[in-house]
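Me: Please take a close look at one part of this model and describe how its pieces are arranged and joined. I would like a single connected account, with the cut-offs behind each term.

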Amino acid sequence: EQYSFNFNYFDLLYDFVLAQGLLPYLEFSYMPSALAVRSETYYSHRCSICPPSDWVVWNELVSETILHCVNRYGRASVRKWKFTTISHCYVSYGCMTEQEWLRLYRETYQTVKAVDKRLSFGGPGNDMDYLGRDDGALLRWFLSESAYYHCLPDFLSLQCFHVDSVSLQGADVFATVTDKQTLPIPCSPDPDYLEHCLDHTESYLQRLGLDKLPIVLEAWNSSLWQNDPCHDMRFKAAFIVKNLLENRHRLAGINYWVLSDIMEETTHQMEVFHGGYGMFTTNSIPK
């Protein structure tokens, strides 16, 4: 079967992003439906979260995407970007097995580095609290496996949603965050949650001799819930400023989740103020 790659919509988005003076954080996901090894789909836009049916074509898609960026924006510009693949959290959600995700990470990493060794690639993209459970066993697993396969990340990509992890025991988190009818996940009562999560993560890295590894928060917000009234209130501004001021010197990047309330994960909300994740409402009112 023959494949072709079309970058028209890609160019519209990245032309705009770069015109704003921003540096892209490019995640190779979700799996294109033509390449998906399984038929299951997720979220309201029915995306595929799985390995490719053909690794050769997947790697060609990754390399052609980067080469397209280099040709359009220049190698010097693209070397300032950050790259990753889909978050390891989808393993805990049951979308992929551990080994399937590890191969996806490894193949994508090696393909990116084959185009240009100086491109910055990170992982695993899971939640800091989740990675830190059992004395950081999952984080240690990821770093040891990536070192074994010679694909140690250039930066540690993490997520942080200030949730009360005790309340998540035995819960179907994936169903909870994608179904607006389920009860909200409580926020953590710890006002210094991010600081304490970073303390634990840095201690694990230090014990592994990787304390120089930069940390990037690829997704960060005060809760996992997309119908949280606090998202639309002045308290959120105080939350953002407090955490940025207290922790900015410990992070190589912070990606606030997300810019706009227009989200693909759940059905579009009719109400302007409905507690969505974004800094802007669906009709561009800055919160």
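Reply: Buried stands for under 20% relative accessible area, exposed for over 50%, and partly exposed for what lies in between (1.4 Å probe, protein chains only). The model is predicted, with local features needing pLDDT of at least 70 and side-chain atom pairs pLDDT 80 or more, while totals for chains, interfaces and linings use all residues. Residues are numbered from 1 along each chain as its sequence is written, and side-chain values use heavy atoms, without hydrogens and water.

The part chosen here is helix 10 with its surroundings. Helix 10 covers residues 234–247 and packs on the sheet, where it touches strand 5 (215–221) and strand 6 (contact: heavy atoms within 4.5 Å; helices, H or I, of at least four residues and strands, E, of at least two are DSSP runs numbered from the N terminus). The direction of helix 10 makes about 170 degrees with that of strand 5 (lines fitted to C-alpha atoms, for helices over the stretch in contact, with angles from 0 to 180 degrees between N-to-C directions).

Within helix 10, the side chains of K242 and E246 meet in a salt bridge, 2.8 Å from N to O (a Lys or Arg side-chain nitrogen within 4 Å of an Asp or Glu carboxyl oxygen). K242 and E246 are four residues apart in helix 10, so about one helical turn separates them. K242 counts as partly exposed because its relative accessibility is 28%, and E246, with a relative accessible area of 33%, is partly exposed as well.

Beyond the helix, R250 forms a salt bridge with E202, the closest N and O atoms being 2.8 Å apart. Since E202 belongs to helix 9 (residues 193–207) and R250 to the loop between helix 10 and strand 6, this pair ties together parts that are 48 residues apart in sequence. R250 is buried, with a relative accessible area of 18%, whereas E202, at 29% relative accessibility, counts as partly exposed.

The sheet under helix 10 is open and consists of six strands in the order 1-2-3-4-5-6, with parallel pairing (two strands pair if DSSP finds at least two bridges between them). Strand 6 and strand 1 (25–28) stand at its edges and have a single partner strand each, so one side of each is left without a neighbour in the sheet. Neighbouring strands are turned against each other by 30 degrees on average, direction ignored. After strand 6, which spans 253–256, comes the segment that holds F280; F280 counts as partly exposed, at 31% relative accessibility.
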